[in-house]
Amino acid sequence: MQRDERALGERRRRKRRRRKALGCCTVQGSLLPVPFPSPVTVWDRGVCWQQTFTAWCNSHLRKAGTQIENIDEDFRDGLKLMLLLEVISGERLPKPERGKMRVHKINNVNKALDFIASKGVKLVSIGAEEIVDGNAKMTLGMIWTIILRFAIQDISVEETSAKEGLLLWCQRKTAPYKNVNVQNFHISWKDGLAFNALIHRHRPELIEYDKLRKDDPVTNLNNAFEVAEKYLDIPKMLDAEDIVNTARPDEKAIMTYVSSFYHAFSGAQKAETAANRICKVLAVNQENEHLMEDYEKLASDLLEWIRRTIPWLEDRSPQKTIQEMQQKLEDFRDYRRVHKPPKVQEKCQLEINFNTLQTKLRLSNRPAFMPSEGRMVSDINTGWQHLEQAEKGYEEWLLNEIRRLERLDHLAEKFRQKASIHEAWTEGKEAMLKQKDYETATLSDIKALIRKHEAFESDLAAHQDRVEQIAAIAQELNELDYYDSPSVNARCQKICDQWDVLGSLTHSRREALEKTEKQLETIDELHLEYAKRAAPFNNWMESAMEDLQDMFIVHTIEEIEGLIAAHDQFKATLPDADREREAILGIQREAQRIADLHSIKLSGNNPYTSVTPQVINSKWERVQQLVPTRDRALQDEQSRQQCNERLRRQFAGQANIVGPWMQTKMEEIGRISIEMHGTLEDQLQHLKHYEQSIVDYKPNLELLEQQHQLVQEALIFDNKHTNYTMEHIRVGWEQLLTTIARTINEVENQILTRDAKGISQEQMQEFRASFNHFDKDHCGALGPEEFKACLISLGYDVENDRQGDAEFNRIMSLVDPNGSGSVTFQAFIDFMSRETTDTDTADQVIASFKVLAGDKNYITAEELRRELPPEQAEYCIARMAPYRGPDAAPGALDYKSFSTALYGESDL
């Protein structure tokens with residue numbers, strides 16, 4: 001093993017001696033041999049090369065986040081040499097070896113030299129061992145080979161060689177400048193004016209060329225070096241004093257430095273073109289984002305209003321009085337007249353803005369706008385439907401609640417009247433039934449008491465119906481949730497308890513009277529007959545007075561006419577009642593006549609009844625007074641119902657005109673949207689005139705609203721003269737306004753599509769004619785089979801075979817992405833325009849960014865600010881994700897994901 005190592009060392013020493021004897025390094029490929037100076041001058045001349053080549057290497061290595069300090073030493077392990085080749089070539093080299101042994105370093109350098117050789121460069125006399133050993137001459141020769149291959153070889157002007165092409169480029173760029181005559185890459189650059197002229201030609205704002213002096217070369221050179229490093233990202237590779245103090249500056253150093261200017265400025269035109277394209281794309285995207293923000297705000301405000309309004313409409317808290325409920329009804333009318341109409345307009349405008357935005361996105365080849373969750377047009381329509389449902393239910397509840405309160409007031413008053421009458425009747429009855437007068441009474445008195453008790457029992461039985469009516473009314477008040485039910489229940493319970501006591505006392509008194517009845521024989525039949533006939537007559541008069549004073553509530557003319565007819569029937573019975581009254585009074589007069597005839601002293605009032613002739617006559621007079629009062633009340637109510645009937649007929653007459661008119665207008669709009677008359681501008685103008693005629697018709701709707709308000713104020717709840725309600729008219733009017741606005745928006749979008757895509761009026765008419773021809777039912781949309789027939793008529797191969805079906809399915813996915821099963825005319829136009837026009841693509845934008853980035857896979861914020869206007873540069877910086885690739889540098893941004901996101905191919 002030791003002998004092998006010694007032999008290997010000897011071979012390496014002989015090889016180095018041979019190379020030293022040669023005194024040069026030859027690079028074969030597409031370049032000429034590159035001679036090195038004699039060994040005597042290698043060190044002195046090498047200092048200039050080292051500075052230049054080190055700066056050139058660092059200008060590329062810093063893209064990978066590193067640099068070198070000593071060109072002889074820092075490439076010895078081959079790691080930074082491989083990294084340099086990856087940066088300048090944009091390709092990946094084999095994975096380097098991380099070991100620190102000599103063999104690992106040699107293997108890494110050999111990988112780098114193999115890569116150089118794979119690019120068509122034949123290396124002669126440059127071996128990995130010399131680089132690893134730190135041979136300065138071989139290392140500089142290798143770096144010069146890399147510079148020639150990757151920085152100078154590709155330069156070609158008018159099919160010249162690399163060196164000649166670079167020289168010709170310098171001559172053309174500096175030709176207009178005085179005191180500049182570039183003939184070579186050494187003494188032509190000593191005064192520094194050529195460097196400044198190159199910079200001023202491409203970036204005149206960086207150099208004040210007229211202030212430079214030819215006799216001050218150091219200042220000129222330093223000015224050019226500093227400006228190039230600060231503004232052009234070209235590192236300082238030369239030293240001004242070395243160039244000025246050298247009779248013939250080194251040609252390789254000058255070529256290396258000048259090639260950096262060529263690469264920096266050769267991409268300027270591409271960068272400008274790329275910047276313009278990006279500015280255009282970003283301007284469209286910014287405008288669309290503004291529209292999206294406006295939509296989001298308007299949608300949020302409308303949804304918030306709906307969210308606040310629905311709970312108010314769903315509030316079903318009942319009120320105690322009619323006045324309070326009528327105030328709620330008035331608040332609801334204010335909502336319908338004042339608060340809701342502007343929101344209807346906002347909803348319509350929101351749909352128009354959404355459709356316009358989607359059209360612009362389609363025209364600019366952008367993905368469709370998806371509003372944030374809960375703010376879709378469908379969400380707004382759903383919320384609006386909930387609002388309409390709550391609104392309808394709220395109005396019905398208000399009207400039902402007013403009817404309920406009216407019914408409650410009527411029942412409560414009726415309860416109080418009947419309860420008062422009953423309480424007045426029962427007053428003293430309990431004390432009367434508890435009397436023991438029969439114990440000391442005579443036979444006649446007892447008989448009278450018996451008869452009187454029988455009359456009382458008849459009277460008690462007659463009042464049974466009233467007690468049941470009072471209990472029934474109290475039960476109904478409880479069921480209808482009357483606010484003062486506790487007091488009603490207490491009063492009803494008191495009446496019922498008292499009624500039970502009266503029944504029990506009546507039964508006990510009868511038993512006591514019957515017990516002594518055997519002792520009583522005499523009875524005054526006339527008084528008894530009087531009592532028996534007077535009691536029901538008295539009850540009849542009390543019932544009549546109660547009926548004549550009873551409150552009534554009606555809603556139609558038929559109901560009041562029925563009450564009037566019943567009252568007339570009652571009045572017809574009055575003569576018979578008067579005869580009955582005279583007969584009863586005649587009995588009393590006959591009894592008095594007999595008593596007078598037989599000198600019988602009567603004890604006073606009829607012992608069998610408390611209903612005296614005076615009571616009968618008093619109640620009869622009261623009945624006679626209540627009859628005309630009832631007549632007037634019925635006549636007044638009849639007049640009010642007749643007035644209500646006029647209001648019904650007045651509203652029905654206007655509604656029967658407005659309703660059919662709106663239906664006719666809806667049908668006419670449908671016909672206009674599918675007919676072709678003139679240009680799109682003519683159709684748009686026609687529709688706008690049509691819209692104005694609809695708006696001009698609004699006073700008729702307002703008149704109908706006024707008539708409807710009069711109907712509601714009169715508490716009219718039905719109308720048999722028309723099938724139209726105000727709710728139907730309002731909904732129809734809102735649908736009419738929304739339909740005409742949507743139709744106008746569709747025509748405007750067609751104009752926008754035509755202008756953006758360059759479609760002629762004849763093409764638009766041809767599209768419309770084809771569409772209408774296959775739209776058999778004139779519904780404004782084509783079914784799948786209709787659309788396939790239309791495509792076949794336009795020359796598309798979508799016949800019923802496997803290839804045709806696949807093509808048709810592809811087209812359907814474009815025109816009907818939601819799978820609704822129908823194709824609208826707008827979708828049809830969008831498809832036809834895409835088939836005949838071209839648009840920007842994500843690949844084009846990525847290519848433009850790559851030009852700005854100097855062919856890197858990423859771009860920096862500094863490069864964006866340098867190449868783009870400030871506003872759009874900041875727009876990109878704020879939205880670009882950090883670049884995560886293996887060649888990423890600090891602050892690297894991923895322009896590829898950003899570009900694809902602009903066209904919906906990824907998330908932004």
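# A walk through the structure

About 70 Å³ of space lies in the second largest cavity of this chain. Keep in mind as you look around that this is a predicted model. That cavity belongs to a count of 4, each with a volume of 30 Å³ or more. To find the second largest cavity on screen, look for the residues that line it: M432, L433, Q435, D437, L449, K452, H453, F456 and R509. Two elements give two or more residues to this lining, namely α15 (429-433) and α16 (443-479). Helix α16 supplies the largest share, with 4 residues. What sort of residues make up the lining of the second largest cavity, by class? The lining has 4 nonpolar, 2 polar and 3 charged residues.

Now let's zoom out for a moment. The chain's secondary structure comes to 32 helices and 6 strands. The chain has 908 residues, and buried residues make up 45% of them. If you take the contacts between residues at least 6 apart in sequence, 74% of them join residues at least 24 apart.

Next stop: a pocket. The second largest pocket holds about 1,800 Å³ of space. It is lined by 50 residues, and the closest to its centre are N355, R362, T824, Q826 and A827. Which elements give two or more residues to the lining of the second largest pocket? They are α13 (322-363), α14 (377-426), α21, α24 (726-757), α27 (802-815) and α28 (825-836). Helix α24 gives the largest share of that lining, 8 residues. Sorted by class, the pocket lining has 19 nonpolar, 22 polar and 9 charged residues.

Let's look at how a pair of helices sits together. Two packed helices are described by the angle between their axes and the distance between the axes. Take helix α8 (residues 193-202) and helix α11 (residues 251-266): their axes come within 11 Å and cross at roughly 5°. Are α8 and α11 roughly parallel or roughly antiparallel? Angles under 35 degrees count as roughly parallel, so α8 and α11 are roughly parallel to each other. On the α8 side, the contact is made by F195, L198, I199 and H202, while α11 brings I254, Y257, V258, F261 and F265. By class, the residues of this contact divide into 8 nonpolar, 1 polar and no charged.

From α8 and α11, move along to helix α9, where you'll find N222. The C-alpha atoms of N222 and D239 are separated by 8.2 Å, and these two residues are 17 apart along the chain. Setting aside its neighbours within four places in sequence, N222 is in contact with K236, A240 and E241. In the loop between α9 (217-231) and α10 (240-245) lies D233. D233 isn't a glycine, yet it has a positive phi of about 60°. Its relative accessibility is 45%, so D233 counts as partly exposed.

You can spot a positive phi in D855 too: its value is near 65°, and D855 is a residue other than glycine. D855 has its place in the loop between α29 (842-852) and α30 (861-867). Why does D855 count as exposed? Exposed means over 50% relative accessible area, and D855 counts as exposed because its relative accessibility is 60%.

Let's finish around helix α21. The loop between α20 (574-597) and α21 (613-674) is where T612 is found. Is T612 buried or exposed? The cut-off for buried is under 20% relative accessible area, so T612, with 16%, is buried. Leaving out its neighbours within four places in sequence, T612 is in contact with Y530 and N605.

Within helix α21 itself you'll come across R622. R622 counts as partly exposed, because its relative accessibility is 35%. R622 and E542 are 80 residues apart in sequence, and their C-alpha atoms are 9.8 Å apart in space. Not counting residues up to four places away in sequence, R622 touches M545 and Q549.

Note on methods:
Residues numbered from 1 in each chain as written. Predicted model: local features only at pLDDT ≥ 70, side-chain atom pairs only at ≥ 80, totals over all residues. Heavy atoms only, no water. 1 Å grid on protein atoms, 1.4 Å probe; cavity = no way out; pocket = protein on both sides within 12 Å on 5 of 7 lines; lining within 4 Å. Points joined across faces, edges and corners; volume = space filled by probe spheres on them. Nonpolar A, V, L, I, M, F, W, Y, C, P; charged D, E, K, R; others polar. Buried < 20%, exposed > 50% of the residue type's maximum accessible area, 1.4 Å probe, protein only. Contact = heavy atoms within 4.5 Å. Axes fitted to C-alpha atoms, helices over the stretch in contact; angles between N-to-C directions. Parallel < 35°, antiparallel > 145°, perpendicular 65-115°, else oblique.
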